[in-house]
Every structure is written in C-alpha cells, then in structure tokens.
Amino acid sequence: MTMSTPEIGAGNAIPAKQPFEYRRVYVWELPVRVYHWINALALVTLCVTGYLIGAPIRAFYAAEAYQQYWFGWVRFIHFAAAYVYVFNFLARLYWGFTGNKYARWSAFLPLKKSRRQEIVDVVKADVLQTQMHGPISTGHNALAGLIYFFTFLAFVAQTITGFALYSSMSSSWLPRLFTWVVPLLGGDFGVRFWHHLFLWFFVTFVIVHIYLAFYHDYIEGRGTVSSIIGGWKFEREKSDQ
Amino acid sequence: MGHTIWEEAQQKGVSRRDFLQLCAAAAAMAGLSQSSVAQVVSAFEKKEKPAVVWLHFQECTCCSESFIRSTHPIMAEVLLDVLSLNYTETLMAPAGFQAEKSLNDTIQNNKGKYIVLVEGAVPTHDGGVYCMIGGKTAESILKTVLQDAAAVIAWGSCASNGCIQGAKPNPTGATPIYKLTDKTVINVPGCPPIAEVMVGVVTHLLVLGQIPALDSQGRPKEFYGRRVHDTCYRRPNYDAGLFVESWDDEGARKGYCLYKMGCRGPVTYNACSVTKWNGGLSYPIQSGHNCIGCPEAGYWDNGPFYQHLASFPGFGIESTADTVGAVVGVATLAGVAAHAVVTNVRKRKVIAEVHVEDQKE
C-alpha cells in the first residue's frame, strides 16, 4: 500500500514535487485497542466516582434515608468499574507476552541505547519543540512507553490500595488477598489517603496523554490518533531504498 | 496457694444459682454462645484464680477509669472475685516498698501463670528516663514482668499503638508493647477501650485459657472485626447520600451521616456502635459528634479530626490531597494550553520545515 504525502497547508507556495512512499503498518492489534478503550472508560468512571466518594454531593431531595440510594450507587459503580479495570489490565499484561512487537512488555522499557536516546529526543521535541534527530518509533515512542510503564505501576498501586480498602466490606477471596496492606500503610485511613492521592496522578495523566496524542499526531503526521481506533499507522519508506 | 473461683465464691456465701449466673454472664462477655456456659462453669470450678499484674506507664489512666465504670454488675465481680489483682498502682492499698514487694512476690510465686495488663506506652529515648517507677525505667520493669507472664494484654491505644505519646514528633520515643516483646500481645486499643470490651477480653482469657482470635494488628476479632461504620445506626443516611455539612445545619438536626464532617467511622475498627458506652447509653456518633478514630494507629497524626482527608504535609493546615491534586491538575491544564498556543504560533514554520525536508529528499 503506498500513499503520497498530502498537500499540507493548501495554497502553500512550495509544491510537493515527488510522491513519497508510505507503508501502512498494523501497529495496534484488536486486543490492544479494546483494552485501551475499556481502560479509558473504566478509568474516567473510577476517577469521577472516586472523587465523589471522597467529596460526596448530598442527595438532591429526600428527607429520609429509605427514599434514596444515591451514594450507594456511586460506590457500587466505583466497585464494579474497578473489577472491569483490574481484569482488563490483567488481560493486557497477558497480551504483553503474546501480542506483536509494539504491544510486548519490552516496548515499555528503554532497554536499548537507541531507546534511551529517543527519550531525550522526544523530551526535546515535546518541551523545547525542536526537531527530532531521527525517525520516531512506529509503536510507542521510548518516552511514552516508559510513562505507560509508570502508569502500570500506578495501576498496581491503585489496585492494591483499592482492594485493601474494599476488603473490610467483602468476604470474597480477591479483596481478602489484600488485607495485609492495611497495617502496612498505617490503617484504613492511610490506605485511603494514598488511594485518593493516586486519583490525581490519573487526572494529570489523562490531560497530558490526550494532549500529547494530539500533538504527536500533528508533528509526526502519520495518524497517531486514528491508530488507536483503526490500528494502522504510517511509516515513510527510507528514501535511499 | 490460690483457690478456685468456685471455692472462693462458696467462702463468700455465694449460692450455686448466683455462681451459675456469674458463669453465664462471663460466657456472654467472652462472646461465647449459650452452649458454652458449661465450659465456663467447669473452668471456674477447676481453675485457680489467676494472679494479675496491671502496669501503668505513659498513660492518663482513662483505661482504668473505663474498666471500673463498666456498668454490668458482673464487672465488679470480674475485677474483685475472679481476678486476683495483685499489683496496680492506681487501685492497690500498699505503697512504696510494700507495693514493690507485692509485684515481686506475684512474679516469683506465679511463674508462667500470671496475666499482665499493660496500660500506657513505654518511652525508649534517652535510656527510658521519661517514665520511671521506683528508680527503674518502664522498659526494664516491663522486661522483668513479661519474662514469665502467661498472657499479655495491652490496654488502650497507648500500649497498643502509642496514641498521643507516640504522635509526631514523639519526643520520648513512646513505643507500643508489642514492639518490645516476643510474646503475643493482645491489643485492646481505644482511648479508652470500651469497658465491656476490656472485660470481655479478660473473661475470654480466663474462661478458655487461651488467647482470643486476633487480627493482623493483634486485636481480638470478636470486638475489632468490624468498622464503627458498618454497624452505625446512621449508615442508611450514608448510602442515601444524606450528609451533615455543617454542625448547625438541618442535616445535623435530623441526624444525617457525619462522613463529610470528617467522621472516622469508615476507617475505624471498634465495637462502639454495637456495645455503645456507659451501659449502652450512647456513643460519639449517636451524640452528634464524628468518630475520631481513637483505636487506630496514628490517629493523632491523621488530623484535623473534622476533615475527611488528612492535611497534606507541607501545604498548610487546611490543604488536603484534593487541594494539592487540583492545583497540579490546573497547572497541567495551563501547561498544556500554553504548549498548544506555542505550537500554533510556530505552525507555519513547522509546516514549512516539513516541506523543505520533503524537497530535499
């Protein structure tokens, strides 16, 4: 599949003289895309309901408790979304060992020198808005991969503290696996504090993540945003080939 | 040596009927079912009255005050008839050398059989000089007494988790008992613990002769297995979303949930909302005040008491994780917006650069 570079900026004085070869690369397989959107939905639900649990809005009407179950529903949605989120994440971990090279666990760690160099390059491109030295990775760029790795750690932290908080109101085995966390963090109050603090990590992450996806879509010009819907990205063929 | 509880009761002229009533009450206090009363009767007929040493260190004696105020008639009997309370600074008759002798005799004559109840934390900084009795440090007294003890109970939050002595910056190095001994310590936290809970734990120890089932923090599960929140009579208001939002609002008058006022009920394990206080009269939440989480480790450092979240260190008294989070979130949004503006300003240049690059190739 070949495509020509689109005419960026219609009416531009410089015409594209020759077409460039672009290769279509199937980067994000279906499980990765499904994971991404389920995760996005669950995460937003968890953040909104989680914030409400910490700072509840009082019931809009009702004089007696039996007339409403408003806060109960908020909490129920939070717990239900948490289960979806955790099992979705576990499925993604599995895919990290069976998926394509863009989805593999190694894509999230800067194990090679070239990947570490790319981190510096991407930071410069993002913050100082300089031009990249070489072509940027087709899958996650090295910086994005590393940030996602930290996000996974935050997922784990949030899962552990969340289930630890939940364990005292549950007799099922999964939350009960996390009772040991409570004394470690100085009781339920401490666990709640950390669980609450991580909420803001996710809020910040979502803001930066969405912005950078748009930004890279613009500077790279090869369908970064649409790739998480369709799975395809575009890679320019080397000009000397 | 000592008599059994039944022998002692007979000497005092207690009838068999009254003795059986005492046994039934003790079984109830220990959280046993009706079918276990026979076990209690058997124990009280055969077991010697256990010798008890009650130590006081860094504390305010509120645990003792709570214990002697247990309203159940059986409590006084537990204290005076069932136990042989040989040493306790606040309640015993002897003083000075006589008191010291009483302690030594108890330890020497009941090796491996006496029960130690500890009230208060033990200071460990500066050689333990911050709490000394009869010229000896609290730590050394504790070591000596615990050596041959059959069981150790830590009364109250001071002995269980340090309470106010152990609050930051903890100048005296106040240390809970379980950190100073290898023996299993039954932690009965609370400031003070509920009298009925204290008696219940002692009775369990006496009747069954074994340590009650403890949770991961050494607290008896029968009394600390559930959160104050779980059995709170205001819980339906929580689920409905009916909250008190200031101490003088309509919700406060109607008895809505105190969650938003900083109630620690959802993070506090105790029996307050079940046994209540002062003979089942009331408990803090029922009296319109939020739970401050007194049995929980570090509750003094989790303040202010009237805030749902603890203050975030380094950001002022009133700022919580939410304040910090909101500031970070807004700062991020501002940064992203600024970045978008800069990108847009540079737009023509970026597009031109791309085209020049295309031309070169």
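**Notebook: strand β1(B) and Leu46(A)**

I began with the two faces of β1(B) in this predicted model, and found both of them covered, with Ala51(B), Val53(B) and Leu55(B) buried on one side and Val52(B), Trp54(B) and His56(B) buried on the other. I noted beside this that side chains in a regular strand alternate between the two faces of the sheet. Counting along the strand, which spans residues 51-56 of chain B, I recorded 6 of its 6 residues as buried, so that by the cut-off of 20 or more other C-beta atoms within 10 Å β1 is mostly covered.

Next I looked up the strands that β1(B) pairs with. I found 4 bridges to strand β2, residues 84-88 of chain B, and the two run parallel; within β2(B), Ser84(B) is the bridge partner of Ala51(B). I then turned to strand β3, residues 115-119 of chain B, which is joined to β1(B) by 5 bridges, again in a parallel arrangement, and here I saw Val52(B) standing opposite Ile115(B).

In chain A I picked out Leu46(A), which I located in helix α1, residues 30-54. Is Leu46(A) buried or exposed? I entered Leu46(A) as buried because it has 22 C-beta neighbours inside 10 Å, where 20 or more are needed. Setting aside the neighbours within four places in sequence, I listed His78(A), Ala81(A), Ala82(A) and Tyr85(A) as the residues in contact with Leu46(A). Last, I checked Leu46(A) against Val206(A), 160 residues away along the chain, and noted a separation of 13 Å between their C-alpha atoms.

Key. Residues numbered from 1 in each chain as written. Chains lettered and ligands numbered in written order. Predicted model: local features only at pLDDT ≥ 70, side-chain atom pairs only at ≥ 80, totals over all residues. Buried ≥ 20, exposed ≤ 12 C-beta atoms within 10 Å, placed from the backbone. Contact = placed C-beta atoms within 7 Å. Pairing = 2+ DSSP bridges.
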